[in-house]
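The following note sets out some points to consider while viewing the structure. Please keep the sequence and the 3D view open together, and follow each point in turn.

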Amino acid sequence: MINAPKIRLKESFEITVLICYLLENLGPLTEKLLLEITTLDDMVGVFDLSEALGIIESKGLATVSESLYSVTDEGRLLVKEFSVEIPLSIREKTLAEGKKILKYLELRKSIDWSISKKENGYKFSINFKNEIDGSTLLDISLHAFSYENALEIENRFLKKPIDTVKNIMYLLISGD
């Protein structure tokens with residue numbers, strides 16, 4: 001199997017366009033999220049990202065409010081004119097990674113889960129929260145004999161977490 005060479009953006013202008021592209025398509029993002037999205041597979045270097053964020057802010061391509069970068073009309077115009085200069089594979093990959101991260105963060109607002117070591121194995125815990133006030137709606141713990149078993153449970157849960165919640169609630173509330 002031949003591995004395709006990794007493409008890395010090194011020019012500040014390209015990184016600036018990519019960041020504006022992500023902000024336009026994903027909405028406001030923190031510097032930490034931009035770092036997580038763009039450094040996937042070393043597509044952008046950490047220092048290069050910091051430099052580009054400085055340029056974006058100083059040129060008025062994005063505004064920063066409460067640690068969130070938001071694209072401006074000037075940034076949108078830059079994306080419209082120059083996004084084709086960024087390789088499609090990088091645009092697609094960073095956008096997909098951004099959507100995946102945002103979906104995960106949204107899920108974490110209403111469902112919390114963890115794996116913890118216990119005396120005789122591991123515990124996989126799920127806590128379903130009320131999105132309005134954060135109170136606990138349902139708390140479930142499952143015993144796993146090994147860490148690998150706990151990871152399997154977690155992976156199954158993460159494939160369709162909303163369906164899991166609906167099915168559990170239906171079983172408990174329906175009375176059938």
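**Notes on sheets, helices and two loop residues**

1. One open sheet consists of three strands in the order E4-E5-E6, with antiparallel pairing. Strand E4 (111-118) and strand E6 (136-144) stand at the edges; each has a single partner strand, so one side of each is left without a neighbour in the sheet. From one strand to the next, the twist averages 15°. Please note that the model is a predicted one.

2. Within this sheet, strand E5 (residues 121-129) is joined to E6 by eight bridges, and the two run antiparallel. To locate the pairing in the view, the student may begin at Asn127, whose bridge partner in E6 is Asp139. As a general point, side chains in a regular strand alternate between the two faces of the sheet.

3. A helix also belongs in the description of this sheet. Helix H7 (residues 161-173) lies across E4, E5 and E6. The direction of H7 is at about 105° to E6.

4. A further open sheet of three strands has the order E1-E3-E2, again with antiparallel pairing. Here strand E1 (29-30) and E2 are at the edges, each with a single partner strand, so one side of each has no neighbour in the sheet. Two bridges pair E1 with E3 in the antiparallel sense, and Thr30 has Leu68 in E3 as its bridge partner.

5. The other pairing in that sheet is between strand E2 (residues 62-65) and strand E3 (residues 68-71), which are antiparallel over four bridges. Val64 has Tyr69 in E3 as its bridge partner. How many residues lie between E2 and E3 in the hairpin? There are two, and Glu66 in the turn has a positive phi of about 50°.

6. After E3, the chain can be followed to Thr72, which is in the loop between E3 and helix H4 (73-82). Is Thr72 buried or exposed? Its relative accessibility is 12%, and because buried means under 20%, Thr72 counts as buried. Not counting residues up to four places away in sequence, Thr72 touches Gly60, Leu61, Ala62 and Thr63. Thr72 and Cys20 are 52 residues apart in sequence, while their C-alpha atoms are 8.7 Å apart in space.

7. The next matter is a pair of helices. In general, two packed helices are described by the angle between their axes and the distance between the axes. For helix H1 (residues 12-26) and helix H5 (residues 88-110), the axes come within 10 Å and cross at roughly 45°. H1 and H5 are therefore oblique to each other, and H1 passes H5 in a right-handed crossing.

8. Which residues make the contact of H1 with H5? From H1 come Leu18, Tyr21, Leu22, Asn25 and Leu26; they meet Ile90, Arg91, Thr94, Leu95, Gly98, Lys99 and Leu102 in H5. The residues of this contact divide into seven nonpolar, three polar and two charged.

9. Finally, Leu40 lies in the loop between helix H2 (31-38) and helix H3 (46-58). With 24% relative accessibility, Leu40 counts as partly exposed. Leaving aside neighbours within four places in sequence, Leu40 is in contact with Lys93 and Glu97. Leu40 and Gly27 are 13 residues apart along the chain, and their C-alpha atoms are separated by 19 Å.

Technical notes
Residues are numbered from 1 along each chain as its sequence is written. This is a predicted model: local features need pLDDT of at least 70, side-chain atom pairs count only at pLDDT 80 or more; totals for chains, interfaces and linings use all residues. Side-chain values use heavy atoms; hydrogens and water are left out. Two strands pair if DSSP finds at least two bridges between them. Axes are lines fitted to C-alpha atoms, for helices over the stretch in contact, and angles run from 0 to 180 degrees between N-to-C directions. Angles under 35 degrees count as roughly parallel, over 145 as roughly antiparallel, 65 to 115 as roughly perpendicular and the rest as oblique. A crossing is left-handed if the near helix is turned anticlockwise from the far one by less than a right angle, and right-handed if clockwise. Contact means heavy atoms within 4.5 Å. Ala, Val, Leu, Ile, Met, Phe, Trp, Tyr, Cys and Pro count as nonpolar, Asp, Glu, Lys and Arg as charged, and the others, Gly among them, as polar. Buried means under 20% relative accessible area, exposed over 50%, partly exposed in between (1.4 Å probe, protein chains only).
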